[in-house]
Amino acid sequence: MNYDSYSPAATKLGEIWTSISSLGYAITDEDSIGLPQKFRENFGPTYFNNQVLRHDPGDWPVDRKRARDVIRYWWQEDLLKVDEFDSITITDRADIPGKREHNRIELLKDPQAEELARTLLSLVPPQERQSDGTFGINLFRTYTNVVTTPHHDNEEYIIIYVMNRIGDGAETYLYEPGDVTGDGEVTGEPILRQQLDPGQMIIFRDDRFKHGATPLVPPPGQKAVRDALVCTVDYRSTYLEPAS
């Protein structure tokens, strides 16, 4: 597989923080950040199934299924407190206007899911953390188009963690915002274009890049699918304070 731009995985938390601070993004994997062995094998079947995931009218792409949770968090130095937030409403995100409600799963009822949330929040460099905020966790199952055009989610950080993939394609890309026109046309080369395998993840500052992924390519005679967690470290204006 040839990529337009490729970055090696960071294998230590300090390397991840340094990469985010210098480049705006870091690629890593579940082993490097200390998730338990067989985490995906346990987590995936529990949540990536038709009882949890659903397609909601107006969501795009049309063959995408999803579920969602929002967690409230507080940092006190290196100590992290988490709780369920009282709303999961998405408003005007990813170029889809209006308010959207998706199927909610209260992940903090599950110890393995709480450990995941704590681990992913720890990827944000300490000097760049908010003392408190909200953390959105979206579960996506896609079959063809992962996204439609390069976009911002208008949050502080985005974390994409690939749980499973059948087929090829689904190459995550990052562009300088000025290299993407208002209608989504790309005018420059990507900062990064890389296929994430199951167990790999990327974290990046949303304001630094427009992001997306190429379409899935099915294996001969089979159907493609990708399961991924897409998490957002939110701005306070998303849920806690009105935008100024």
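This is a short tour of a predicted model, with a suggestion of what to select at each stop.

Residues are numbered from 1 along each chain as its sequence is written. Local features need pLDDT of at least 70 and side-chain atom pairs count only at pLDDT 80 or more, while totals for chains, interfaces and linings use all residues, and side-chain values use heavy atoms, leaving out hydrogens and water.

**Stop one: a sheet.** Select β10 (192-195), β12 (210-213) and β9 (171-175); strands here are DSSP runs of E, at least two residues, numbered from the N terminus. They make an open, antiparallel sheet in the order β10-β9-β12, with β10 and β12 as the edge strands. Strands count as paired if DSSP finds at least two bridges between them; β9 and β12 are joined by four. Look for L174, which stands opposite H211 in β12.

**Stop two: the largest nonpolar core.** Such a core is a set of buried Ala, Val, Leu, Ile, Met, Phe, Trp, Tyr and Cys residues joined through side-chain atoms within 4.5 Å, where buried means under 20% relative accessible area with a 1.4 Å probe, protein chains only. This one has 39 residues, and F43, L120, F135, I137, I203 and L229 touch the most other members. Now show helix α3 (residues 111-121), which gives the most to this core, with five residues.

**Stop three: Y157.** Where does Y157 sit? Its place is in strand β7 (residues 157-166). Y157 counts as buried because its relative accessibility is 0%. Next, add R205: a polar contact of 3.1 Å joins the two side chains (N or O atoms within 3.5 Å, one able to donate a hydrogen and the other to accept it; residues adjacent in sequence count only if both atoms are side-chain atoms). Y157 and R205 are 48 residues apart in sequence, yet 4.6 Å apart C-alpha to C-alpha.

Key:
Buried < 20%, exposed > 50% of the residue type's maximum accessible area, 1.4 Å probe, protein only.
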